[in-house]
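Here are a few short exercises to work through with the model open beside you. Try each task before you read its solution.

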Amino acid sequence: MTRLSAITPSARAHIGNHLGATRRWAAEGADDDLYFVSDLHAMTLPYNPARLRALTAEMLAVLVATGIDPDRVFVQSDLVRELGALTWVLECTCTYGEAARMTQFKQKGDGRAGVRLGLLTYPVLMAADILLQGADEVPVGEDQRQHVELARDLARRFNSAHGEVFTVPRAVLPRTAARVRDLTDPTRKMSKSAPDAAGTVFVLDTPDLIRRKVRRARTDSGTNVTYAPDTRPAVANLLEVLAACTGEDPWEAATRFPDCGTLKDAVADALIAELTPVRERALHLLSDPAELDAIRKAGAARAAERAAHRLDAALRLAGVG
């Protein structure tokens with residue numbers, strides 16, 4: 001069984017990505033699982049090409065540095081020819097109504113004349129990502145479940161109209177991960193693209209910077225430390241980050257700290273211990289472009305080889321191969 005997961009390099013990887021996804025991929029991934037950097041998905045909104053290229057390399061380095069087997073990683077755009085061909089076939093299988101009712105398009109497009117067409121069609125590209133690799137399961141959050149359902153619909157429709165080519169994937173909700181909130185505003189989720197980076201701890205932040213960000217983290221009224229997510233969300237966020245790093249229970253962890261200052265010191269120490277090995281390995285890879293490029297080329301070759309027979313069959317049955 002193949003599971004397929006991706007991370008988009010719209011900005012730098014942060015601790016929410018690490019604690020909630022990439023660390024788990026490294027620890028729990030099976031031999032047939034695949035992980036990729038979805039750089040083409042980062043093009044649906046205005047972007048800087050040089051920055052996208054740099055972020056893609058950084059994200060690939062972070063995946064490998066986290067402990068994911070290099071044999072299971074690749075970069076999406078390295079299969080741009082294969083994906084382009086299959087995406088066109090699937091776009092000719094998809095209806096406008098199906099694409100237009102995707103929730104993310106309705107939210108981000110909002111009827112604006114300047115919205116990019118890619119924002120409408122990228123769920124079909126996502127379907128191509130999934131179907132090209134023959135994924136059985138796609139772990140996604142609720143916000144992406146609708147896109148996997150579209151991939152299922154397109155796979156079934158193509159198979160029914162032209163012949164059995166595609167595995168019909170299913171969306172699976174990953175097990176509950178750490179809820180990492182912005183350190184300066186615990187009402188919002190930590191985001192790669194937050195306008196203010198003060199509340200976001202990035203995987204490649206230096207130890208000194210991590211400590212400064214944690215020390216400046218918002219806390220709730222009162223100096224005592226209690227785990228009460230509904231009434232004291234800022235302190236709860238710090239405790240949850242600590243618990244995710246150390247494996248302890250946040251309720252029990254709360255009893256160890258006399259005040260928020262000592263809690264912040266412990267959170268900073270735990271994050272530095274968690275991220276330092278990843279940071280050092282990622283920076284090593286980024287400092288040696290030849291090694292990272294070799295990993296990337298090998299990943300692209302494996303992904304293309306895996307996809308070749310499926311794409312050839314789809315094109316042939318669609319009447320264009």
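Which elements do the buried residues of α1 pack against? Before solving this, note that the model is predicted, that local features need pLDDT of at least 70 and side-chain atom pairs pLDDT 80 or more, while totals for chains, interfaces and linings use all residues. Residues are numbered from 1 along each chain as its sequence is written, and side-chain values use heavy atoms, with hydrogens and water left out.

**Exercise 1. Find the surroundings of α1.**

Step 1. Helices (H or I, at least four residues) and strands (E, at least two) are DSSP runs, numbered from the N terminus.

Step 2. Buried means under 20% relative accessible area, exposed over 50%, and partly exposed in between (1.4 Å probe, protein chains only). Of the 14 residues of α1, 10 are buried, and the helix is mostly covered. Among them are Ile15, His18, Leu19 and Trp25.

Step 3. Look for contacts, that is, heavy atoms within 4.5 Å. The buried residues of α1 pack against β1 (4-7), β2, α2 (49-66), α9 (233-246) and α11 (260-287).

**Exercise 2. Check the length and the course of α1.**

Step 1. The expected span is 1.5 Å times one less than the number of residues. For the 14 residues of α1 this should give 20 Å, and the end C-alpha atoms lie 18 Å apart, which agrees.

Step 2. The bend at a residue is the angle between axes fitted to the seven residues ending there and the seven starting there. In α1 there is a kink of about 35°, centred on Thr22.

**Exercise 3. Classify the aromatic pairs of β2.**

Step 1. Rings of Phe, Tyr and Trp (its six-membered ring) pair if their centres lie within 6.5 Å; planes under 30 degrees apart count as stacked, over 60 as edge-to-face and the rest as tilted. The count by this rule is 4 aromatic pairs.

Step 2. Trp25 and Tyr35 have ring centres 5.0 Å apart and planes at 20°, so this pair is stacked. The pair links distant parts of the chain, with Trp25 in helix α1 (residues 15-28) and Tyr35 in strand β2 (residues 34-37), 10 residues apart.

Step 3. Trp25 counts as buried at 11% relative accessibility, and Tyr35 is buried at 4%.

Step 4. Phe36 and Phe74 form a stacked pair, 5.2 Å centre to centre with 15° between the planes. This pair also links distant parts of the chain: Phe36 is in β2 and Phe74 in β3 (residues 73-75), 38 residues apart. Both Phe36 and Phe74 are buried.
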